[in-house]
Amino acid sequence: MKRSIFGRLWPNVTAVVLFVVFAFPVYWMFATAFKPTNDIVTDDPVWFPTNITFAHFDKAVHADHFWTMVRNSLTVTVLAVVFSLVIALFASFALARMRFRGRRGFLIVFMIAQMAPWEVMVIAIYMLVRDNDMLDSLVPLTVFYMMMVLPFTILTLRGYVAAVPKELEESAMVDGCTRPQAFVKVIFPLLAPGLMATSLFGFITAWNEFPLVLILNKAVEKQTLPLWISQFRTAFGDDWGATMAASSLFAVPILILFIFLQRKAVSGLTSGAVKG
């Protein structure tokens with residue numbers, strides 16, 4: 001009986017501990033954003049803000065270039081996600097439904113690309129962008145962000161397409177649909193969870209990306225929010241309250257997107273994990 005109780009208890013205790021460890025930095029960021037400056041710089045930490053203030057948020061949103069960075073981040077992130085989804089839709093359908101020479105090698109290349117850290121290619125990327133005179137531009141960022149999320153998007157959607165019974169597609173073709181029409185009318189509507197999962201992953205990856213924009217874009221008006229937050233300063237030095245407020249605003253779009261898409265995203269990831 002004791003072993004049975006312990007066997008049920010320790011996974012829950014472990015989950016609670018892990019939740020606290022990972023959630024505490026997020027809580028501290030939001031809590032600091034609402035604290036007065038005196039409660040932030042005190043030697044005795046104030047765990048729960050009592051004198052709530054919105055002054056730090058006002059300072060962050062009225063800081064130089066804040067809204068320019070918001071526009072730049074949204075532009076490159078949304079375009080990268082949309083382009084990767086469009087390309088991945090066709091590639092995943094071809095990999096799941098068609099048999100052609102080199103298919104397995106193609107999949108291995110995508111898996112390797114997914115495992116390889118992008119940081120090892122930063123120098124090559126910089127030289128490529130520089131030689132094409134495209135430094136301080138949002139176009140290379142959009143392209144490389146798309147390339148970052150494309151392998152995961154293709155592999156996940158491929159598994160999801162493979163999970164759709166071929167009979168549905170064949171029935172549509174028997175009824176007079178061409179293969180593209182069968183894909184649009186039958187398969188595409190069933191891919192919603194997979195699209196949600198991959199779009200959420202792509203948005204988080206592109207939205208949080210830091211090293212590439214640091215190296216490629218030195219012009220302030222062509223940078224994105226992660227780099228702007230890391231360089232946020234005032235005439236009096238580091239303003240931790242405003243920095244945490246800006247970081248909280250930066251995290252809000254991802255939290256909202258995750259709240260709305262979490263169920264679809266989880267089902268999309270598990271449905272994509274099939275052998276095909």
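**Exercise 1. Decide whether Ser248 is buried or exposed in this predicted model, and find its surroundings.**

Solution. Ser248 has a relative accessibility of 1%. The cut-off for a buried residue is under 20% relative accessible area, so Ser248 counts as buried at its 1%. The model examined here is a predicted one. The next step is to locate the residue: Ser248 belongs to helix α13, which covers residues 240-272. The last step is to list its partners. When neighbours within four places in sequence are set aside, Ser248 is in contact with Met29, Phe30, Ala33 and Phe57.

**Exercise 2. Describe the overall make-up of the protein chain: which kinds of element does the chain contain, and how many of its residues are buried, as a percentage?**

Solution. Begin with the elements. The protein chain has 13 helices and zero strands, and the order from the N terminus is accordingly written with α at every position. Turn next to burial: the chain has 276 residues, and 39% of them count as buried. The surface can then be added to the picture. About 16400 Å² is exposed by the protein chain, and 70% of that area is supplied by carbon and sulfur atoms. Finally, consider the contacts between residues at least 6 apart in sequence; 73% of these join residues at least 24 apart.

**Exercise 3. State what confidence the predictor assigns to the chain, and where the pLDDT falls below 50.**

Solution. The average pLDDT of the protein chain is 80, and 90% of the residues score at least 70. The stretch with pLDDT below 50 is residues 268-276. In the model, this stretch has 20 contacts beyond near neighbours in sequence.

**Exercise 4. Identify the largest nonpolar core and determine which helix gives the largest share of it.**

Solution. The largest nonpolar core consists of 42 residues, and Ile154, Leu191, Leu225 and Trp228 have the most contacts inside it. Helix α4, residues 66-97, provides the largest share of this core with 11 residues. A second core, separate from this one, has 17 residues, including Trp118, Tyr145, Met148 and Val149.

Individual residues can now be examined. Leu191 touches Leu89, Tyr160, Val161 and Phe183 when residues up to four places away in sequence are not counted. Val70 is a residue of helix α4. Its relative accessibility is 16%, so Val70 counts as buried. Val70 and Leu225 are 155 residues apart along the chain, yet their C-alpha atoms are separated by 6.2 Å.

A further pair may be treated in the manner of the previous one. Ala163 lies in helix α7 and is partly exposed, with 42% relative accessibility. From Ala163 to Ala96 the separation is 67 residues in sequence and 9.1 Å in space, taken from C-alpha to C-alpha.

**Exercise 5. Determine which residues form the nonpolar patch on the surface, and place Tyr27 within the structure.**

Solution. The patch is formed by Val16, Phe19, Val20, Phe24, Tyr27, Trp47 and Phe48. Together these residues have about 760 Å² of accessible area. Tyr27 is part of helix α1, residues 2-34. Patch residues must have over 30% relative accessible area; Tyr27, at 31% relative accessibility, counts as partly exposed.

**Exercise 6. Find which side chains meet in a salt bridge, and classify each partner by its accessibility.**

Solution. Side chains of opposite charge can pair when their charged atoms come close. In this model, the side chains of Arg130 and Asp131 meet in a salt bridge, with 3.2 Å from N to O. The count of salt bridges comes to one. Arg130 is partly exposed because its relative accessibility is 39%. Asp131 has a relative accessible area of 57% and is therefore exposed.

**Exercise 7. Locate His65 and Asp136, each with a positive phi, and state how accessible they are.**

Solution. Most residues other than glycine have a negative phi. His65 has a positive phi near 70 degrees. The position of His65 is the loop between α3 (55-61) and α4, and its 40% relative accessibility makes this residue partly exposed. Asp136, also not a glycine, has a positive phi of about 60 degrees. Asp136 is placed in the loop between α6 (122-131) and α7 (138-163). With a relative accessible area of 32%, Asp136 is partly exposed.

Terms used
Residues numbered from 1 in each chain as written. Heavy atoms only, no water. Patch = residues over 30% accessible without salt bridge, like charges linked within 9 Å, V, L, I, M, F, W, Y side chains within 5 Å. Areas by Shrake-Rupley, 256 points an atom, 1.4 Å probe, with all protein chains shown as cover. Salt bridge = Lys/Arg side-chain N within 4 Å of Asp/Glu carboxyl O. Helix = DSSP H or I, 4+ residues; strand = E, 2+ residues; numbered from the N terminus. Buried < 20%, exposed > 50% of the residue type's maximum accessible area, 1.4 Å probe, protein only. Core = buried A, V, L, I, M, F, W, Y, C linked by side-chain atoms within 4.5 Å. Contact = heavy atoms within 4.5 Å. pLDDT = per-residue confidence, 0-100.
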